[in-house]
Amino acid sequence: MGKRVAIVGAGVSGLASIKCCLEEGLEPTCFERSDDLGGLWRFTEHVEEGRASLYESVVSNSCKEMSCYSDFPFPEDYPNYVPNSQFLEYLKMYANHFNLLKHIQFKTKVCSVTKCSDFTVSGQWEVVTLHKEKQESAIFDAVMVCTGFLTNPYLPLDSFPGINAFKGQYFHSRQYKHPDIFKDKRVLVIGMGNSGTDIAVEASHLAKKVFLSTTGGAWVISRIFDSGYPWDMVFMTRFQNMLRNSLPTPIVTWLMARKINNWLNHANYGLMPDDRTQLKEFVLNDELPGRIITGKVFIRPSIKESVVKVEDGQASLYKYIFPANLQKSTLAIIGLIKPLGSMIPTGETQARWAVRVLKGVNKLPPPNVMIEEVNSRKENKPGWFGLCYCKALQADYITYIDELLTYINAKPNLFSMLLMDPHLALTVFFGPCSPYQFRLTGPGKWEGARNAIMTQWDRTFKVTKVRVVQKSLSPFESFLKLFSFLALLVAIFLIFL
């Protein structure tokens, strides 16, 4: 009989954790406090306690080819950036396809997770749950927490003197559902993250005036990148990641700023980040520049506030997963990370490694080694090369995924691939680093991974290329293509020398 694993939450990371446990012969039991799966991606008209809440218009910021589970592509007729309702449908397809529902206990709240009295020997946990006002207790060999970090709103009212005398309405974005509440009102949105920017743009269609307050600015990019391609399929490639990490940080940040400013000169719009050496999460919004230039949204600096005590937000988690100070590594936190990439493949890869650690197949370093690494990361020391990921929970997506894949012997070997399957090797290296790459080899290998990689652009354009235009190449264009191909071969030769 396999080890019993308690999984808290049936969102994107929770579903992946159930499947990973089953693949490794473990016995998962998932506790979900609401009446359905989906976590963040399940829209409701009311806010549910303990669950992330979204507004009706939410669309994914990562395209379907980059944000799917690594062995389960989105349906090819889905749009490239998926509305929340279709995203939820996809998660239900995934759960049904891999028969995960029978392992989920809905409407069951986890009240507490505590070490058993013999934890130093057994590593077991007592999990107390509440279902239909009936409390139950059970012993598990391991626990995986998959609740994410968007469940508790932060509303520092003490930071805004005079808020108690304010006669208007104020609320956290967690409570926002529809823009009609802003009709004919003057609106101030504090915070220029993805949610704040979305809400400001939506409000601008109905409100009298909208102000968007930002403390340090932000990089705003469109989902549509060069030549109409999805931004992350262009930006997130192994070749570009290698190039970025090989160049000095000042050069990388200058090149990135120059590229982003080609679409929108951030200084002219009052959006330029104050600190351009440390990478902040991109704000994905296709409408914001148009709303600013037409006087519908006004960018304002941070509003005046009192001194707020800010903690660094870091957690003592080894590789953002395992508490470093536990005597037994039987507790895993999945999804508590902010990669510059999609959360689904990140959480899934975390779960693939974590369940092998929980099973005992993979071993962690001694606690003192893990604590030393965690403390080193908390120091937030910027490196000399590549982009600077110094904010709490930030990580380089491809580098982080590859590190976890290395632990389970599932990282693609480009050198051997170049000899055995050069077409695939070139596509993996120069093309989008889609999640299918993470299933080419090792435990959990998916036979359909190669085909999914080679047809990813076909699925991308299936929903947009509805009118085919015949095009004939001129001799000059043919010559340029031949020259580019030869230059590519030379580059490959120099890289793999």
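Helices and strands are here DSSP runs, a helix of at least four residues and a strand of at least two, and they are numbered from the N terminus. The structure used in these exercises is a predicted model.

**Exercise 1. Two residues with positive phi**

Determine where Glu 133 and Lys 319 lie, and decide whether each of these residues is buried or exposed.

Step 1. Glu 133 sits in the loop that runs between strand β5 (125–131) and strand β6 (134–140). Its phi is near 65 degrees, which is a positive value in a residue other than glycine.

Step 2. Most residues other than glycine have a negative phi. Lys 319 also has a positive value, with phi near 55 degrees, and its place is in the loop between β13 (317–318) and β14 (322–323).

Step 3. For the second part we need the cut-offs, by which buried means under 20% relative accessible area and exposed means over 50%. Glu 133 has a relative accessibility of 79% and therefore counts as exposed, whereas Lys 319 is at 9% and so counts as buried.

**Exercise 2. The surroundings of helix α4**

Explain why helix α4 (residues 194–203) can be described as largely enclosed by the rest of the structure, and find which elements its buried residues pack against.

Step 1. Of the 10 residues of α4, 9 are buried, and the helix is therefore largely enclosed by the rest of the structure. Among the buried residues are Asn 194, Ile 199, Ala 200 and Ala 203.

Step 2. The buried residues of α4 pack against the strands β8, β9 (209–214), β11 (283–284) and β12 (297–301), and also against helix α8 (288–293).

Step 3. Val 210 offers a detailed view of one such strand, since its place is in β9 and it is buried, with a relative accessible area of 0%. Leaving aside residues up to four places away in sequence, Val 210 touches Ala 200 and Ala 203, and its other contacts are Val 187, Ser 204, Lys 296, Val 297 and Phe 298. The C-alpha atoms of Val 210 and Ile 199, which are 11 residues apart along the chain, are separated by 9.9 Å.

**Exercise 3. Two surface patches**

Identify which residues form the patch of positive charge and which form the nonpolar patch, and then place one member of each in its element.

Step 1. The patch of positive charge on the surface brings together Arg 186, Lys 208, Lys 209 and Arg 300. Arg 186 belongs to strand β8 (residues 186–190), and because its relative accessibility is 60%, it counts as exposed.

Step 2. The nonpolar surface patch, of about 440 Å², is made by Leu 482, Phe 485, Leu 486, Leu 488 and Leu 489. Leu 486 is part of helix α16 (residues 475–495), and with a relative accessible area of 46% it is partly exposed.

**Exercise 4. Contacts of Thr 29 and Val 47**

Work out which residues Thr 29 and Val 47 touch, not counting residues up to four places away in sequence.

Step 1. Thr 29 lies in strand β2 and, at 15% relative accessibility, counts as buried. On this count, which leaves out residues up to four places away in sequence, Thr 29 touches Val 5, Ala 6, Ile 7, His 103, Gln 105 and Phe 140.

Step 2. Val 47 is found in the loop between β2 (27–31) and α2 (84–97), where its relative accessibility of 34% makes it count as partly exposed. With residues up to four places away in sequence again left out, Val 47 touches Ser 53, Arg 174, Gln 175 and Lys 177.

Definitions and conventions. Residues numbered from 1 in each chain as written. Predicted model: local features only at pLDDT ≥ 70, side-chain atom pairs only at ≥ 80, totals over all residues. Heavy atoms only, no water. Patch = residues over 30% accessible without salt bridge, like charges linked within 9 Å, V, L, I, M, F, W, Y side chains within 5 Å. Areas by Shrake-Rupley, 256 points an atom, 1.4 Å probe, with all protein chains shown as cover. Salt bridge = Lys/Arg side-chain N within 4 Å of Asp/Glu carboxyl O. Lys, Arg positive; Asp, Glu negative; His and termini not counted. Charge placed at Lys NZ, Arg CZ, Asp CG, Glu CD. Buried < 20%, exposed > 50% of the residue type's maximum accessible area, 1.4 Å probe, protein only. Contact = heavy atoms within 4.5 Å.
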